[in-house]
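Here are some questions and answers on one protein chain. Have the sequence and the 3D structure at hand while reading.

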Amino acid sequence: MAGINSKLIFEKEGVYLHTNAKRSIQETSIPGFIRIVERAGQPALEWSPLEDEGRSAPAVLYSKKDGEGGEEDTNFDPGYEPDWAVISTVKKDREHAPMKDSGQWAFSLPLSELYSLRRARFSLGRNFMVLTSRGGHPLPPLHFHRGGTRELLRALHHYIVLDQSPVDGRLFLVYPRDSSSADFGPSFDKLHILDDGSDIVTRFIHDPYATTFGGFSKVTNFFRAALRPPEAAVTRGAQDPGLPSQPDDEPGFELITCGVELGPRPKVTRGQALVQWEEFLDSEGRVKDPEKVKDLVFRGGITPNLRKEVWKFLLGFYPWKSTSKEREEILRFKTDEYFRMKVQWKSVSEEQEMRNSLLRGYRSLIERDVNRTDRNNTFFSGNDNPGLTLLHDVLMTYCMYNFDLGYVQGMSDLLSPILFVTQNEVESFWCLTGFMDLVHQNFEESQEAMKQQLLQLSILLKALDPELCDFLDSQDSGSLCFCFRWLLIWFKREFSFEDILTLWEVLWTRLPCDNFHLLIACSILESQRGELIGSDHDFNTILKHINELTMKLDLQSVLLEAEVIYRQLVGCKDLPRQVKQVLGLCGPPSPAEESPDSQSSETERLLGQAEGGAASSHVPSCP
């Protein structure tokens, strides 16, 4: 029962805690009470066994904050709940005695530490629930033999917001009752996958940049659920949507059932950074050989003092074949266009904004993210930093540019390196639009683009290393979800800020193929092959190991091996059609796509806009 200084809010008897069902035949089902108790005004969810009613409040079970001592305990087994098999990073500073007494299973979890809950039902009609803390710790399943889950959820709703997954009705994500974003924004916002801390990244649910890792697994488990229907509706086999395959599931792809002889891997070398720019310009300022420039950038990146200029070409701010004079006109036009859009949101009064929930929601998200993005970088550090103002204004203006997408958490991560390089509001905005043209589908609420990329990654890995792919698939149901963050924001959290500048400019060349970022993911996975296959890893430890690679990868080695992989695949005569599709080898682009005339027509289109004339849009042909 609740203590003297406690207030009992809710209580339900007949709630059985199931312990380590896989490893023991004893004490697998312990009857007890589930309660909501307020202590010093702080609500907590508690469970205690029936025989333990005379004991004091059980120890709190949640992840310690950064900087606290102790080691990580990753031995928790979630029993028969594989979907919630997440990494436990509950820290400890003393040895725990073996849990033989049923009273030792008691727990008290502050609602502020509750991240998610999952409600499900056995075929016999009995409900059970799995709770997961913000530290990534899944508590043992609670079985409601006498019902009561609905009443518990109703009582919890007074303190927290429970947001039901649109894909899996059993999954509920937890937000504070006063959260400004609980009822707003796409699913990425609801997941809070890209929040930063006051000085460093502490979210993507305890991002690896923080000292604990555990929370990322909660996000991954959400997308594992999103990539396949509930277990009860799944029959493992050819129709499993967690695997690449069936035409009805993923048009254009089918399961690669065996490896092919790829031949030896060729030798490849990286080059030096692009250090000369003027020599590539003719007398009128046109870039004489854009493909040569792209090749140099792909091989070695760009020297820092040239990035500001070259990035504007890589990201479509200027057409490659534009003259210096034409670029002056384009800059004037784009400057006017930017400030026309900026004034749209700047001129909205507070009274108007009170009646515009969409704009109000975007502003709230942006203001929160701006204060948490790359604050270790001197351009964004400190209070009242003008760099933060620029970051805010550019993102707000992007909402006016792209009404359909608006703002989604993670976009500030894409803008900050661009703003750091250009240090110009207008140029950074239009460079962001060019970048978003490449990755905007990653942020769409349906997440279809992310599912497809994970599928494509699986197809590539299956062709490269069937044994590694099969091993990872066996631990992850074929979805490779632990690579999700890599693909979402193009490895922004995996490398240093300076390395990201190089990596992104390499990827912006679109060489040697549009999906080179998938080959980078393959390169990283293959570099860890011995560690993954050579150890007794399960999904949890694979996920932990992969994310602990953050800031430990050598970018040049990763890029080198990714190109080696590409050339090996391209050199295979019997490469499966599905792999060719991923690599863009199904057919060459039309001659008009790569002709100088097409570049000139783009310049004419922009100049036509600047002059107020109508110009037809350039539509690239499909390969």
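Q: Which residues of α20 are buried?
A: In this predicted model, a residue counts as buried when its relative accessible area is under 20%. Elements that cover the buried residues of α20 include α5, α13, α16, α17 and α21. The buried residues of α20 are L555, V558, L559, A562, E563, V564, I565, Y566, Q568 and L569.

Q: How far does helix α20 reach from its first C-alpha to its last?
A: Helix α20 covers residues 555-570, which is 16 residues. At 1.5 Å a residue, 22 Å is expected. The span in the model is close to that, at 23 Å.

Q: Are α13 and α17 parallel or oblique?
A: The axes of α13 and α17 come within 10 Å and cross at roughly 55°. Angles under 35 degrees count as roughly parallel, and 65 to 115 as roughly perpendicular. The angle therefore makes α13, relative to α17, oblique.

Q: Which residues in α17 do Q453, Q456, L457, L460, L461 and L464 in α13 meet?
A: α13 passes α17 in a right-handed crossing. On the α17 side, the residues met by this group from α13 are H517, L518, L519, A521, C522, L525 and E526.

Q: Is F539 buried or exposed?
A: F539 is part of helix α19, residues 539-547. L472 is 67 residues away from F539 in sequence, but the two C-alpha atoms are 8.0 Å apart in space. The relative accessible area of F539 is 5%, so F539 is buried.

Q: What is the phi of F491?
A: Most residues other than glycine have a negative phi. W490, in the loop between α15 and α16, has a positive phi near 50°, and W490 is buried at 3% relative accessibility. F491 is found in the loop between α15 and α16 and is buried at 0% relative accessibility. F491 is not a glycine either, yet its phi is positive, at about 65°.

Q: Which residue does a cis peptide bond join to L511?
A: Most peptide bonds are trans. Here omega is about -10°, and the bond is cis. The partner of L511 lies in the loop between α16 and α17, and is P512.

Q: Where in the chain is confidence lowest?
A: The chain averages a pLDDT of 74, and 66% of the residues score at least 70. Where pLDDT is low, the predicted coordinates should not be read in detail. Confidence is highest in helix α6, at 97, and lowest, at a mean of 32, in strand β5.

Notes: Residues are numbered from 1 along each chain as its sequence is written. This is a predicted model: local features need pLDDT of at least 70, side-chain atom pairs count only at pLDDT 80 or more; totals for chains, interfaces and linings use all residues. Side-chain values use heavy atoms; hydrogens and water are left out. pLDDT is the predictor's confidence in each residue, from 0 to 100. Helices (H or I, at least four residues) and strands (E, at least two) are DSSP runs, numbered from the N terminus. The expected span of a helix is 1.5 Å times one less than its number of residues. Buried means under 20% relative accessible area, exposed over 50%, partly exposed in between (1.4 Å probe, protein chains only). Contact means heavy atoms within 4.5 Å. Axes are lines fitted to C-alpha atoms, for helices over the stretch in contact, and angles run from 0 to 180 degrees between N-to-C directions. Angles under 35 degrees count as roughly parallel, over 145 as roughly antiparallel, 65 to 115 as roughly perpendicular and the rest as oblique. A crossing is left-handed if the near helix is turned anticlockwise from the far one by less than a right angle, and right-handed if clockwise.
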